[in-house]
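Biologist: I have this model open on my screen and would like a close look at one part of it. Could you take me through the place where the two chains meet, and then show me how it fits with the rest?

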Amino acid sequence: MTQNQTNQAAANPVMTLLYDKTVRSIIYQILVFGGVFLMGWYLVNNTLTNLEQQDIATGFGFLEKEAAFGISESLIQYTPESSYGRALVVGVLNTLKVSITGIILATILGTFIGIGLVSKNWLLRFLGKTYIETFRNIPLLLQLFFWYSVVTNAFPSPRNALNPIDGVFLTNRGLYLPVPAENPVWTAVLIALVAGIAGFFLLRKWALKRLEATGEVFPYLSVGLGVIVAVPLLTWLVSGAPTELNTPELTGFNFSGGLNMSPEFFTLLLGLTVYTATYIAEIVRSGIQSVPKGQNEAATSLGLKPSWVMRLIILPQALRVIIPPMTNQYLNLTKNSSLAVAIGYPDLVSISNTTMNQTGQAVEAVVIFMSIYLSISLLISLFMNWYNKRMALVER
Amino acid sequence: MTTLIESQARPTGGTASNRSLRWMRDNLFSSPVNTAITLVCGYLIWQVLSTILSWTVFDASFAATKDACENISGACWAYVHQNARFILFGTFPEDEQWRSVLAIAMLISGVLISTNRRFWSVGLLVGWLVGLVVLYFVLAGGVLGLERVDTAHWGGLTLTLLLAVVGIGFAAPLALMLALGRRSEMPFVKVICVVVIEVFRGVPLISVLIMASVMFPLFLPEGVTVNKLLRAQVGIIFFQAAYLAEVFRGGMQAIPSGQYEAADSLGLSYWQKMGKIILPQALRLVIPPTMSTFISLLKDTSLVVIIGLFDLLATTKSAINDPAWRQQFLEGYVFIALIFFIMCFFLSRYSLKLDRDLKQGMSH
């Protein structure tokens with residue numbers, strides 16, 4: 001720097017500061033902060049004035065009050081005398097119920113179609129592509145309305161129920177399935193299943209440790225899967241192997257007994273599954289195709305057994321491509337389940353909607369259901385970050 | 001199924017028939033398992049196709065009045081004849097209906113023109129802005145002797161297209177700002193952008209729409225009201241902007257850091273660097289995912305039925321609730337499903353083609 005420039009800068013310290021990157025950045029941020037703060041203050045102020053004007057209570061006190069509306073289906077004890085808080089819990093549980101079932105079914109259907117898409121058979125590929133193009137290009141809500149109309153209008157009344165498989169009834173009041181009759185044994189079997197799964201992971205840990213220490217291979221996968229099946233099965237056999245089923249039976253105008261899926265639940269589940277499966281199929285297809293052929297050939301030429309090639313070489317690479325977008329689809333399915341409000345399935349949004357109509361406390365209700373969805377999303381993205389870190393290619 | 005195979009197997013000259021036979025052997029009957037799959041698939045396709053065709057065509061009634069539908073097992077297309085006006089244009093006044101048609105034509109031709117890469121320029125952008133203003137006056141009226149039509153009467157296909165096109169138009173610039181903010185080195189700006197993006201991406205669109213319809217009025221000072229359509233539109237814009245911002249950010253991240261460093265070392269300012277070096281490359285990369293965002297936006301506009309706007313789905317639904325047409329629910333849904341399918345299918349094909357063209361352009 002020459003003497004002249006230094007003099008100029010010294011003569012004009014304000015300009016120097018303005019051209020400083022850090023100072024500029026601070027000034028910008030103060031401006032943005034000020035803008036956001038003023039905007040927020042303005043909105044909050046307006047809201048408070050409006051609420052006062054319209055005589056609407058604020059705060060979350062309403063959660064304790066009696067809800068006074070019925071909910072058609074609930075996983076926990078609920079009556080119109082229960083509180084709003086409990087009604088919202090029912091909503092959350094219903095959302096989770098349809099989402100989890102939907103995720104499982106959509107994954108199964110999507111995986112099959114995805115495998116069909118890479119089949120050598122042209123007709124099968126064509127069928128898969130047609131399925132995807134059809135259901136992907138029609139709005140989900142329209143599909144839901146469509147299925148709901150079909151179920152409620154075109155399905156017969158319980159008296160003339162469709163009976164595709166023994167014990168299964170399709171009617172305009174929903175789907176009826178036989179379930180195992182209530183028996184304490186089933187609880188024991190469930191506990192045994194959880195124990196079996198825990199046993200599987202312990203076995204896997206032990207087997208991998210031994211592999212690293214001694215190089216000896218222990219077939220933990222087949223043995224472990226055996227444990228998962230055998231433990232509950234043994235529990236069931238030992239406790240007398242009850243096979244009694246609780247089958248739905250026509251009594252009067254409707255069925256009783258068995259498991260009843262309401263038309264709303266059935267429609268929502270069907271719509272979500274069919275729609276999300278189109279996306280999952282594409283993900284599975286791209287995952288399978290992402291692993292180069294050379295990987296398979298190289299592994300085989302190393303003398304690995306086909307099952308080992310699949311497990312050690314192909315799957316880990318395919319899953320790295322599949323899992324992130326798959327989680328995204330699971331998240332989408334959960335969010336899409338909020339369309340339940342349109343066909344009357346009592347999910348979180350639907351119950352929040354009723355709550356805000358009755359209490360007028362829109363702000364609180366919106367805050368509650370938005371934060372529940374947000375926390376589900378955040379939990380899943382935290383899991384995703386953890387998973388990505390674990391699965392990321394270690395580059396040297 | 002049999003006809004399908006026969007028609008393909010029929011000899012049509014030496015080599016051609018050999019070729020098609022070989023193709024069939026390789027693709028349909030290469031092994032016993034494959035043959036079994038072919039037969040099962042063929043049976044399935046035959047079943048579905050024959051059901052659909054007999055319902056839509058062979059057993060259907062194409063007469064314009066309902067009387068002809070007395071004893072048929074297929075579709076009663078009189079439903080579409082009678083209700084098409086309402087389904088497509090909602091409650092827009094019947095005498096002024098040409099304005100709805102004009103609006104739809106303007107929107108569709110606008111999208112078609114924009115899909116041609118030859119027209120991509122600043123002029124197109126100006127054209128869109130002018131076009132949207134003209135469009136507003138065509139629909140709302142009040143000038144040049146046009147009758148005033150309240151937004152409550154805008155409906156059907158007009159509304160669906162309007163929500164989608166205006167939605168993407170305004171979401172794109174907002175998304176660009178959010179994406180730049182998220183990539184910014186200023187922590188406070190970054191935090192705000194991250195929060196806005198993640199909140200909107202973390203919740204379902206329906207909750208954003210409910211928020212826009214019940215909470216938005218509370219935010220405004222007393223006495224100021226914003227109509228329902230505009231509120232829903234604002235909700236859709238913010239929701240889409242959040243998704244689009246992540247798409248744009250992905251594009252910016254894909255640009256090698258050498259490009260950023262080169263721009264810096266040339267002494268370009270932030271806006272010069274972004275505007276002249278990074279964004280032209282990044283935005284080009286993200287055209288295909290932007291298109292799929294637009295497609296999902298088009299499908300998502302159907303959600304406004306839940307907050308009581310009369311889009312294509314809502315008009316169909318209320319036409320179905322008409323007691324005279326109670327039995328014809330399938331016809332209505334199939335009709336608009338076809339409209340949605342054509343629009344989305346065209347857009348997704350176009351995005352694939354664009355993707356191919358751009359990849360080719362870059363490899364040269």
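**Where the chains meet**

Modeller: Happy to. This is a predicted model, so a word on confidence comes first. Among the elements of chain A, helix α9 (residues 263-290) of chain A has the highest mean pLDDT, 91, while helix α1 (residues 3-11) of chain A has the lowest, 52. For chain A as a whole the mean pLDDT is 82, with 95% of its residues at 70 or more. Chain B has a mean of 81, and 94% of its residues reach 70 or more. One stretch to read with care is residues 1-12 of chain B, where pLDDT stays under 50 and the model has eleven contacts beyond four places in sequence. For the complex, the predictor gives an ipTM of 0.84 and a pTM of 0.83.

Now to the meeting place itself. There, 47 residues of chain A are in contact with 45 residues of chain B. On the chain A side, the helices that each supply at least two residues are α3 (21-53), α5 (122-136), α6 (140-154), α11 (306-336), α12 (340-343), α13 (348-359) and α14 (362-391). The most comes from α3(A), with 13 residues. By class, the side of chain A that touches chain B has 29 nonpolar, 15 polar and three charged residues.

Some of this can be set beside the UniProt record. In an unreviewed entry, the annotation "transmembrane region" covers residues 26-44, 98-118, 138-155, 185-205, 217-238, 265-288 and 365-387 of chain A. Residues 26-44 of chain A are 100% helix and 0% strand in the model, and the end C-alpha atoms of that span lie 26 Å apart. Residues 365-387 of chain A are also 100% helix and 0% strand, with 33 Å between the end C-alpha atoms.

Next, look at how the side chains pack. The largest nonpolar core has 135 residues, and those touching the most other members are A:L141, A:L142, A:L144 and B:L209. A second, separate core of six residues includes A:L123, B:L28, B:I37 and B:C41. To see one member of the larger core in place, select A:L144: beyond residues up to four places away in sequence, A:L144 touches A:T267, A:L268, A:G271, A:L339, A:A342 and A:I343.

Just along the chain from A:I343 you can find A:G344, in the loop between α12 and α13 of chain A. Is A:G344 buried, exposed or partly exposed? A:G344 has 15 other C-beta atoms within 10 Å, so it is partly exposed. A:G344 and A:P263 are 81 residues apart in sequence, yet their C-alpha atoms are 9.7 Å apart in space.

A:M261 makes a useful second stop, in strand β7 (residues 259-261) of chain A. A:M261 counts as partly exposed because it has 19 C-beta neighbours inside 10 Å, and 20 or more would be needed for a residue to be buried. Setting aside neighbours within four places in sequence, A:M261 is in contact with A:G174, A:L175 and A:F266. The C-alpha atoms of A:M261 and A:T79, 182 residues apart along the chain, are separated by 20 Å.

Let us cross to the partner. Chain B has 15 helices and zero strands, and its C-alpha trace spans about 70 × 55 × 40 Å along its principal axes. Of the 364 residues of chain B, 32% count as buried. A good place to see burial is helix α14 (residues 312-320) of chain B: eight of its nine residues are buried, so this helix is largely enclosed by the rest of the structure. The buried ones are B:L312, B:L313, B:A314, B:T315, B:T316, B:K317, B:A319 and B:I320. The unreviewed UniProt entry also places "transmembrane region" annotations on chain B, including residues 191-218 and 301-320. Residues 191-218 of chain B are 93% helix and 0% strand, with end C-alpha atoms 26 Å apart. For residues 301-320 of chain B, the span is 45% helix and 0% strand, and the end C-alpha atoms lie 20 Å apart.

Finally, step back to the domains. Chain A is assigned domain 1 (3-53) and domain 2 (87-181 + 244-344), with C-alpha centres 52 Å apart. Chain B is divided into domain 1 (2-59) and domain 2 (93-363), and 42 Å separate their C-alpha centres.

How values were computed:
Residues are numbered from 1 along each chain as its sequence is written. Chains are lettered from A and ligands numbered from 1 in the order in which they are written. This is a predicted model: local features need pLDDT of at least 70, side-chain atom pairs count only at pLDDT 80 or more; totals for chains, interfaces and linings use all residues. pLDDT is the predictor's confidence in each residue, from 0 to 100. Helices (H or I, at least four residues) and strands (E, at least two) are DSSP runs, numbered from the N terminus. UniProt positions are given in the numbering used here, feature names are shortened, and annotations may be inferred rather than shown by experiment. Domain bounds come from an automatic or database domain assignment. A residue is buried if 20 or more other C-beta atoms lie within 10 Å of its own, exposed if 12 or fewer, and partly exposed in between; C-beta atoms are placed from the backbone. A nonpolar core is a set of buried Ala, Val, Leu, Ile, Met, Phe, Trp, Tyr and Cys residues joined through C-beta atoms within 7 Å. Two residues are in contact if their C-beta atoms, placed from the backbone, lie within 7 Å. Ala, Val, Leu, Ile, Met, Phe, Trp, Tyr, Cys and Pro count as nonpolar, Asp, Glu, Lys and Arg as charged, and the others, Gly among them, as polar.
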